[in-house]
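Q: Could you take me through one part of this protein closely, namely how its helices and strands meet one another? I would like a connected account that I can follow with the model open.

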Amino acid sequence: MAGETDLKKLLATMTPELRPGIHVFATLPPDAPVPDILEPVMLFREREGITVIALEEKAKAAGLETVFRCRMVTLNIHSSLEAVGFLAAITTRLAAAGMGVNPVSAFYHDHLFVPADRAEEAMAMLEKLTEEHRLPT
């Protein structure tokens with residue numbers, strides 16, 4: 001189950017899905033326990049602290065200070081962790097529209113965290129990108 005590596009196929013067949021809820025980023029001290037209530041979608045440990053991405057209501061219930069209210073877009077195609085250029089093509093398109101994006105690669109899929117107030121715009125751009133790469137039938 002290595003995932004797809006062909007860039008054209010990745011772009012032509014990805015199915016972006018806008019996930020429910022508002023997500024936020026927060027940080028915990030490097031040695032802090034992760035509050036059970038948090039149920040993060042991502043944890044990343046750095047020397048300075050633990051980055052957490054979680055639903056806004058869970059982060060607030062845990063008493064965390066948060067930044068970057070965003071929506072999560074899952075790119076529904078099993079992309080290889082060794083795929084070249086997939087996220088670059090996507091983030092370049094969003095950047096051309098002046099949209100910041102925080103991509104996260106997981107084992108099966110790539111996920112984009114886009115500004116909450118621009119999520120529908122991001123979805124439209126991703127769907128257009130897919131259409132542009134589809135092979136004529």
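A: In this predicted model, the secondary structure comes to four helices and seven strands. Reading from the N terminus, the order of the elements is α-β-β-β-β-α-β-α-β-β-α. Along its principal axes, the C-alpha trace spans about 50 × 35 × 20 Å.

Let's begin with the strands, and with strand 5 (residues 67–75) as our guide. Strand 1 (residues 16–18) pairs with strand 5 in the antiparallel sense, over three bridges. If you want a place to look, find Leu18, which stands opposite Val73 in strand 5. Strand 2 (residues 23–28) also pairs with strand 5 in the antiparallel sense, here over two bridges. On this pairing, Phe25 stands opposite Val67 of strand 5.

Strand 5 has a further partner in strand 7: the two run antiparallel and are joined by six bridges. Arg71 is a handy marker here, as its bridge partner in strand 7 is Val114. When you trace side chains along these strands, keep in mind that in a regular strand they alternate between the two faces of the sheet.

From strand 7 (residues 110–115) you can step to strand 6 (residues 102–105), since these two pair in the antiparallel sense over four bridges. The link from strand 6 to strand 7 is a hairpin of four residues. Beside that hairpin, Ser105 has Asp110 of strand 7 as its bridge partner.

A record is worth placing on this picture. The unreviewed UniProt entry carries the annotation "domain: DUF2241" over residues 2–71. In the model, that span is 19% helix and 34% strand, and its end C-alpha atoms lie 27 Å apart.

Now for the helices. Two packed helices are described by the angle between their axes and the distance between the axes. For helix 3 (residues 86–96) and helix 4 (residues 119–133), the axes come within 10 Å and cross at roughly 130°. Helix 3 and helix 4 are therefore oblique to each other, and helix 3 passes helix 4 in a right-handed crossing.

Which residues in helix 3 and helix 4 meet? Helix 3 brings Ala89, Ile90, Arg93 and Leu94, while helix 4 brings Ala122, Met125, Leu126, Leu129 and Glu132. By character, the residues of this contact divide into seven nonpolar, no polar and two charged.

To retrace the path on your screen, start at Leu18 opposite Val73, move along strand 5 to Arg71 and its bridge partner Val114, and take the hairpin that joins strand 6 to strand 7. Then turn to the contact of helix 3 with helix 4, where Ile90 and Leu126 are among the residues that meet.

Notes: Residues numbered from 1 in each chain as written. Predicted model: local features only at pLDDT ≥ 70, side-chain atom pairs only at ≥ 80, totals over all residues. Heavy atoms only, no water. Axes fitted to C-alpha atoms, helices over the stretch in contact; angles between N-to-C directions. Parallel < 35°, antiparallel > 145°, perpendicular 65-115°, else oblique. Left-handed = near helix turned anticlockwise from the far one by under 90°. Contact = heavy atoms within 4.5 Å. Nonpolar A, V, L, I, M, F, W, Y, C, P; charged D, E, K, R; others polar. Pairing = 2+ DSSP bridges. UniProt positions renumbered as here; feature names shortened; annotations may be inferred.
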